[in-house]
Amino acid sequence: MGFCTVLLICLSQAELGRVWAQEYKDSYRGTPLRTDGDTASFQRTRRDWEDQLRHREVRNAQADGGVDISPLSDNMTRTVEDSQKYYSWESFGPEDEKTERLWIDLKNLHKSQVRIHGILSNTHRQAARVALSFDFPFYGHSIRQIIVATGGFIFMGEITHRMLTATQYVAPLMANFDPSFSKNSTVRYMDNGTLFVVQWDKVRLKDRENEGAFTFQAALLSNGSIIFNYREVPVPVEKINSTEHPVKVGLSEAFMAASQLSDSTQRTIYEYHRVEIDTTKIISGSAFEFTPLPTCPQHTTCELCLTSNLTTGCGWCNTLQRCSDGVDRHRQEWLDYNCPEESKGKCEDYNPILPDATMSSFNNLSLEPTPSLADLGEQPVTRDIDSSPPDHTGITENTPIIAGVVAALVLLVTLTLLAVYYINTHPTVAPPFYLMQRRTNNYWPSMKFRNQSCHSTYAEVELGVHEKEGFIEAEHCC
């Protein structure tokens with residue numbers, strides 16, 4: 001108790017010294033507070049703060065209101081179809097040599113490189129977050145966190161909701177798989193810094209387990225390419241029942257629009273693009289490779305955004321420092337900041353180009369204050385060197401702060417030495433500091449993070465894990 005009191009007194013002295021020094025500085029200068037900086041840096045700082053706020057709103061989306069899944073409205077120019085605008089894809093059969101090269105054999109890798117998710121491998125309709133070690137471009141947007149589901153797909157959205165199967169997915173084979181049926185069924189993944197692979201190994205369909213086990217995988221490459229590999233497909237995809245669970249193969253992306261209701265915020269997800277592949281080509285030993293095409297969001301400057309020959313219809317929003325055609329996962333923010341009107345301008349409107357003569361004269365300007373006309377009349381042609389003594393204002397105003405910090409450190413060291421001396425010379429007396437008591441290594445419990453939306457169609461799990469022989473086994477909930 002005495003130690004805390006002394007420490008508070010020392011900190012109070014240091015704070016009083018700082019306040020006194022600030023008051024002294026303000027009275028000496030007599031100038032108001034001013035913020036300097038160029039417009040670009042101010043916009044960049046505001047954009048960083050807005051990004052943090054947006055991610056915070058993403059985490060609290062479920063608490064704010066409901067989420068509705070809807071197709072694009074009729075007045076939208078984009079249609080939900082494979083327009084070959086975002087991805088081009090190619091299929092390979094069992095007889096193609098490239099099929100074997102595309103397959104990533106996780107069994108040949110070292111155990112420390114492959115992780116088996118214990119929860120996903122022993123439950124039904126579960127989903128778990130996985131952090132990527134690299135930025136994965138998905139429809140032109142960088143993704144660092146995904147959600148792997150037991151149902152044979154990866155959710156790529158930022159906001160989790162009850163209908164993960166609706167949109168924003170990478171689905172090699174979305175179906176009603178139940179890995180908990182057999183001990184041989186696992187969901188395993190690997191990340192080597194440039195390649196992420198998740199494999200659904202020997203999983204079976206719910207209530208149709210006797211029809212055989214499926215083994216397939218999805219690979220995400222750092223260049224944005226996506227690969228679907230199928231090693232074992234015992235049942236034709238078109239014969240898989242979609243009554244209890246959607247059956248989809250391909251890619252999907254959407255944006256979220258928010259509307260304020262009387263007592264809550266309604267968020268609606270609009271799917272603006274989907275890639276669907278021919279499911280009749282999905283057989284054992286087949287593969288599909290998706291190659292990303294250039295998109296507007298990948299341009300980071302106004303010049304590239306408006307002049308690139310790789311993309312069309314792009315506009316630059318200087319407020320957000322973002323390039324877009326108005327239809328991507330950040331469309332709501334694009335509309336909120338009036339970017340449709342701002343994107344009609346040119347780069348010269350945001351960064352005006354000065355003539356050469358003006359630039360040369362600007363570079364030669366002095367940064368000193370402009371003297372008045374009276375001063376110009378009395379000022380001689382030559383100036384004497386300023387021989388006035390140096391200004392020690394900064395040293396004087398910082399002296400109380402330094403003195404307070406030094407006094408606090410001296411008292412802290414003294415009290416610590418006295419405490420150690422007292423404990424060593426009185427071994428029969430219990431130490432007054434409970435922090436010095438001995439505790440076992442397993443005293444502190446491990447932290448676990450759980451999702452509160454246990455009623456979801458796909459329950460999300462985020463539990464602590466521990467390694468064993470190169471694998472990671474997640475602990476069960478509840």
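This report describes the overall make-up, one strand pairing and the aromatic contacts of a predicted model.

## Overall make-up

The protein has 478 residues, and buried residues make up 38% of them. Its secondary structure consists of eleven helices and 20 strands.

Among contacts with a separation of 6 or more, 65% are between residues 24 or more positions apart. The accessible surface of the protein is about 29200 Å², and carbon and sulfur atoms account for 54% of that area.

## The E12-E13 hairpin

Strand E12 covers residues 248-260 and strand E13 covers residues 265-276. The two run antiparallel and are joined by eleven bridges. The connection from E12 to E13 is a hairpin of four residues. Within this pairing, leucine 251 is found opposite valine 275 of E13.

## Aromatic pairs

In total, the structure contains 17 aromatic pairs. One of them is formed by tyrosine 86 and tyrosine 139, whose ring centres are 5.0 Å apart; the pair is classed as tilted because the planes meet at 50°, and tilted covers angles that are neither under 30 degrees nor over 60. Tyrosine 86 belongs to the loop between strand E1 (67-71) and strand E2 (87-92), while tyrosine 139 belongs to the loop between strand E4 (126-138) and strand E5 (141-149), so the pair ties together parts that are 53 residues apart in sequence. Both tyrosine 86 and tyrosine 139 are buried.

Phenylalanine 177 and phenylalanine 216 form another pair, with ring centres 5.5 Å apart; their planes are at 45°, so this pair is tilted. Phenylalanine 177 is in the loop between strand E7 (169-174) and strand E8 (186-191), and phenylalanine 216 is in strand E10 (residues 214-221), so the pair ties together parts that are 39 residues apart in sequence. Phenylalanine 177 counts as buried because its relative accessibility is 1%, and phenylalanine 216 counts as buried because its value is 0%; the cut-off for buried is under 20%.

## The ring cluster

Phe177 and Phe216 are also members of a cluster linked by ring pairs. The cluster further includes Trp89, Trp200, Phe214, Phe228, Tyr230, Phe288 and Phe290.

## Arginines over ring faces

Two arginines are placed over aromatic rings. Arginine 231 lies over the face of tryptophan 103, at 4.2 Å from the ring centre. Arginine 331 lies over the face of phenylalanine 255, at 5.6 Å from the ring centre.

Technical notes
Residues numbered from 1 in each chain as written. Predicted model: local features only at pLDDT ≥ 70, side-chain atom pairs only at ≥ 80, totals over all residues. Heavy atoms only, no water. Pairing = 2+ DSSP bridges. Phe/Tyr/Trp six-rings, centres within 6.5 Å; stacked < 30°, edge-to-face > 60°. Buried < 20%, exposed > 50% of the residue type's maximum accessible area, 1.4 Å probe, protein only. Lys NZ or Arg CZ within 6 Å of the ring centre and 35° of its normal. Contact = heavy atoms within 4.5 Å. Areas by Shrake-Rupley, 256 points an atom, 1.4 Å probe, with all protein chains shown as cover.
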